[in-house]
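Student: Please take one part of this model and go through it closely. I would like a connected account rather than a list.

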Amino acid sequence: DAECVEILKAEPRGVLSVLGDDGYPYGMPMNHYYSAEDGCIYFHCGRKGHRLDALRRCDKVSFCVTENGTRENGSEWALTVRSVIAFGRIEIIDDIDKTITIATELSHKFTQDESYIAHEIEHFAKATLLLRLTPEHICGKRVVES
């Protein structure tokens, strides 16, 4: 469990999968913020599009995060890779204060430039929705290539 949280906190993005049109899975790369405070995973998105249409039809999702991997024991090519997958339900949050708080935390995964973050939030926060994934099950995996 601790390794899963470590990966969710450290890695900047993963693939969010929803139930798309005609029952097809629809996976898209997403930046995310893991909140240790409530154990939820947060995303931001625009106010319309295929992803939101799918989430409004079915709130069940999976989110997979994979590390880049490390070479161990002198291996020239084989990697050891850890990954996490979270299954749960997404809630669409249209609250500007919560959006600003989470968008700021998410931005800190990419930059410490406070003026840049403030500029982005000032210009884009009102056009942004927040997605909160409440995990029902989280599991991790370690794969050693050989």
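Tutor: What follows is a look at one helix, and then at the hairpin formed by two strands.

This is a predicted model, in which local features need pLDDT of at least 70 and side-chain atom pairs count only at pLDDT 80 or more, while totals for chains, interfaces and linings use all residues. Residues are numbered from 1 along each chain as its sequence is written, and side-chain values use heavy atoms, with hydrogens and water left out.

Helices (H or I, at least four residues) and strands (E, at least two) are DSSP runs, numbered from the N terminus. Helix 3 comprises the twelve residues 96–107. The expected span of a helix is 1.5 Å times one less than its number of residues. For helix 3 that gives 16 Å, and its end C-alpha atoms are 16 Å apart, which agrees. Its buried residues (under 20% relative accessible area; exposed is over 50% and partly exposed in between, with a 1.4 Å probe and protein chains only) are Thr99, Ile102 and Leu106. They cover an arc of only 80° around the axis, so they lie on the same side of helix 3; the arc is that of the directions from the helix axis to the C-beta atoms. Contact means heavy atoms within 4.5 Å, and what covers these buried residues includes strand 2 (25–31), strand 3 (33–34), strand 4 (41–45), strand 6 (80–93) and strand 7 (129–144). At the N-terminal end, Asp95 caps helix 3, with a side-chain oxygen 3.0 Å from the backbone nitrogen of Asp97.

Strand 2, one of the elements covering helix 3, also belongs to a hairpin with strand 1, with five residues between them. Two strands pair if DSSP finds at least two bridges between them. Strand 1 and strand 2 are antiparallel over seven bridges, and Leu16 stands opposite Met28 in strand 2. Strand 1 also runs antiparallel to strand 5 (residues 60–66), joined by three bridges; there, Ser17 has Ser62 as its bridge partner.

The loop between strand 1 and strand 2 holds Asp22 and Gly23. Asp22 has a phi near 55°, a positive value in a residue other than glycine. Most residues other than glycine have a negative phi. Asp22 counts as exposed because its relative accessibility is 76%, whereas Gly23, at 49%, counts as partly exposed. Gly23 and Ala54 are 31 residues apart in sequence, and their C-alpha atoms are 9.9 Å apart in space.

Terms used:
A polar contact is a pair of N or O atoms within 3.5 Å; within protein, one must be able to donate a hydrogen and the other to accept it, and residues adjacent in sequence count only if both atoms are side-chain atoms.
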